[in-house]
Amino acid sequence: MQVEVTLQDGRSFEGTVVNADLHSDIAIVKIKSKTPLPTAKLGSSSKLRPGDWVVAIGCPLSLQNTITAGIVSCVDRKSSDLGLGGMRREYLQTDCAINAGNSGGPLVNLDGEVVGVNIMKVLAADGLGFSVPVDSISKIIDHFKKNGRVVRPWLGLKMLDLNEMIIAQLKERDAVFPNVNRGVLVPMVTPGSPADRAGFRPGDVVVEFEGKPVESIKEIIETMGDKVGIPIKVVVKRAKDSVVTLIVVPEEANPDM
């Protein structure tokens, strides 16, 4: 696929889309220049905290070289919070002014490092812009290099991070809820999914995944990486503190899910 790329200095190049991941809305475009091109330094989105100042650079409404500033409002806004279906994604939320034409532009910290790529805003509100974290983009590029595409394992579990307050509330409602301090609750198991075949049940609390204690969904996703078709050992706690070890074999997720 060919696209036209216009640089800040006005030069235009024919670009080739080397690879693209529609699920994350991220693509790699290659251009050929006779002279060296400047490069942006990549930062680390994991170091961002709410309140950090950031700058959005783009071409909103065809207004070239536009820069807007704001703060990081949230470092892990979930796609489900935005009413987006499909697989779980996390975004950086900022109050930088973002409009049509900003998509694909960098989100930069005050050290001049790219910490995200701006992709969307909430149309019915001001100050609600969202970016793909640069750490996620680095992983996508690694997938491109290794597999030629992004491989996303699928278990078929709906999951919820637990904390002390949620656990206390669940114990009030159900006296036999397992005695845990942290973990990941499984409210629902998709029928016929790898998790269903492995023996997961609604109400299970995942406390160990592939030999590592887990406290969050993010840890589970990071541990799985791109492991598809490889058995993974999972330890769950159930009602009355029964401990069960399950073996689940992830499948590759359908991109349309």
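This is a guided tour of one protein chain, moving from the whole chain to its cores, one helix and a few loop residues.

**The whole chain**

Begin with the entire chain in view, keeping in mind that this is a predicted model. In cartoon display you should find four helices and 17 strands, and the C-alpha atoms fill a box of roughly 65 × 35 × 30 Å, taken along the principal axes. If you switch to a surface display, the accessible surface comes to about 14700 Å², and 54% of that area belongs to carbon and sulfur atoms. Of the 257 residues in the chain, 36% are buried. Among contacts with a separation of 6 or more, 50% are between residues 24 or more positions apart. Should you colour the charges, the mean positions of the 30 positive and 31 negative ones are 3 Å apart.

**The largest core**

Next, select L157, F200, V206, F209, I220, V234 and V248 and show their side chains; these are the residues with the most contacts inside the largest nonpolar core, which has 19 residues. At least two residues of this core come from each of strand 12 (184-189), helix 3 (194-198), strand 13 (205-209), helix 4 (217-224), strand 15 (232-237) and strand 16 (243-248). In soluble globular proteins, nonpolar side chains tend to be buried together.

Which residues does V206 touch, once its neighbours within four places in sequence are left aside? Centre the view on V206 and you will find G183, V184, V186, F200, V214, I220, V234, V235 and V236 in contact with it. A second core, separate from this one and made of ten residues, can be located by selecting Y91, I119, I140 and F144, which are among its members.

**Helix 4**

Return now to helix 4 and select I217, I220, T223 and M224, which are buried. Looking down the axis, you can see that these residues cover an arc of only 125°, so they lie on the same side of helix 4. An α-helix has 3.6 residues a turn, so residues three or four places apart point the same way. To see what covers the buried residues of helix 4, add strand 10 (153-154), strand 11 (157-161), strand 12, strand 13, strand 14 (212-213) and strand 15, all of which are included in that cover. Just after helix 4, stop at G225, where phi is positive at about 55°.

**Two loop residues with positive phi**

Most residues other than glycine have a negative phi. With that in mind, select N65, which sits in the loop between strand 4 (53-58) and strand 5 (66-78), and whose phi is near 55°, a positive value in a residue other than glycine. Is N65 buried or partly exposed? Its relative accessibility is 42%, so N65 counts as partly exposed, given that this class lies between 20% and 50%.

Then move to D241, in the loop between strand 15 and strand 16, where phi is near 65° and is again positive in a residue other than glycine. D241 is partly exposed, with a relative accessible area of 38%.

**A meeting of distant residues**

For the last stop, select V176 in the loop between helix 2 (164-173) and strand 12; V176 is partly exposed, with a relative accessible area of 32%. Not counting residues up to four places away in sequence, V176 touches A239 and K240. If you draw a distance from the C-alpha of V176 to that of A239, it should read 5.0 Å, although the two are 63 residues apart in sequence.

How values were computed. Residues numbered from 1 in each chain as written. Predicted model: local features only at pLDDT ≥ 70, side-chain atom pairs only at ≥ 80, totals over all residues. Heavy atoms only, no water. Core = buried A, V, L, I, M, F, W, Y, C linked by side-chain atoms within 4.5 Å. Buried < 20%, exposed > 50% of the residue type's maximum accessible area, 1.4 Å probe, protein only. Contact = heavy atoms within 4.5 Å. Arc of directions from axis to C-beta. Areas by Shrake-Rupley, 256 points an atom, 1.4 Å probe, with all protein chains shown as cover. Lys, Arg positive; Asp, Glu negative; His and termini not counted. Charge placed at Lys NZ, Arg CZ, Asp CG, Glu CD.
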